[in-house]
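Grab a pencil and work through these exercises one at a time. Try each task yourself before you read its solution.

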Amino acid sequence: MNTLSLAEKFIIPFLVLILLYLKPTRRCLATLDTFFHESFHALLSLLLGNKVKEIQFKESIEGCCKSLSKSKFATTLTALAGYVGCSFFPLAIIYAIEHRNIEISFLIFAVFALVILILYIRNTFALVWTMAFAAINIACYMIPFSLHVKADILYIFLCIVVIENTMSLFQIAQIAFTRPKNSGDCTLLHKTTHLPAFLWAVILNGINILAIYLIISRVFFAQI
């Protein structure tokens, strides 16, 4: 990923990590991961022929996607989609940066956010955040500043999702071992498959580690 300098590849994740743990900025930035997490649930549910009723996410960065599923198998796949989607989604951003599809990526994000907003988002915080995210992406698409700066912004998106998804999975694993009935998607996966919630937490964390390995390989070691 030669568009970014080596210094940027190290400094940007470090700055994002700091901002994610400062209260004034955490809520706005970390919600990016929540938005995509719940949207991936909704997308896969639709692809499986199910009905999506509503997407919610709050200032506490918690979220949920309410859908009606036709089978346990469909419910299982939908439950997996959030964390697995966020684990591998950064690879799509890397592809866009590597192949100079940077500006079109902002347009895709803006259109995607507006479609999700119109069809499924109803609570106030989620409406305001999604409109702001769409507006930021429209601005990045339309304002003629350098592609290098726009690549930096995409890389910031990537870092937010990677860091927040990883931290969420660590927290879910801890909850799955101590309070398995309160472990979110892992609890749902236990209900549909009868495998223990903590085992699903281990599986999801393993998938995420694989994705991080692929991401680091592309960002720091791939020769384009």
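Here, buried means under 20% relative accessible area, exposed means over 50%, and partly exposed is in between (1.4 Å probe, protein chains only). This is a predicted model, in which local features need pLDDT of at least 70 and side-chain atom pairs count only at pLDDT 80 or more, while totals for chains, interfaces and linings use all residues. Residues are numbered from 1 along each chain as its sequence is written, and side-chain values use heavy atoms, with hydrogens and water left out.

**Exercise 1.** Place L188: which helix holds it, and is it buried, partly exposed or exposed?

*Solution.* Start with the helix: L188 sits in α7, residues 185–193 (helices are DSSP runs of H or I, at least four residues, and strands are runs of E, at least two, numbered from the N terminus). Next, check the area: L188 has a relative accessible area of 34%, so it is partly exposed. Now look for contacts, meaning heavy atoms within 4.5 Å. Skipping neighbours within four places in sequence, L188 touches T75 and A79.

**Exercise 2.** Follow that contact to T75: what does its side chain pair with?

*Solution.* First, find T75 in helix α3, residues 72–98. Its relative accessibility is 17%, so T75 is buried. Its side chain makes a polar contact with the side chain of S69, at 2.8 Å. (A polar contact is a pair of N or O atoms within 3.5 Å; within protein, one must be able to donate a hydrogen and the other to accept it, and residues adjacent in sequence count only if both atoms are side-chain atoms.) Beyond four places in sequence, T75 is in contact with S69, L188 and T192.

**Exercise 3.** How many disulfides are there, taking one as a pair of cysteine sulfur atoms within 2.5 Å?

*Solution.* The count is zero. Take C140: the nearest cysteine sulfur belongs to C159 and is 15 Å away. Then take C159: its closest cysteine sulfur, in C86, is 14 Å off, so that is too far for a bond. As for accessibility, C140 is buried at 6%, and C159 is buried at 4%.

**Exercise 4.** How far apart are L188 and V16, in sequence and in space?

*Solution.* Along the sequence, L188 and V16 are 172 residues apart. In space, going C-alpha to C-alpha, L188 and V16 are 31 Å apart.

How values were computed
Disulfide = S-S within 2.5 Å.
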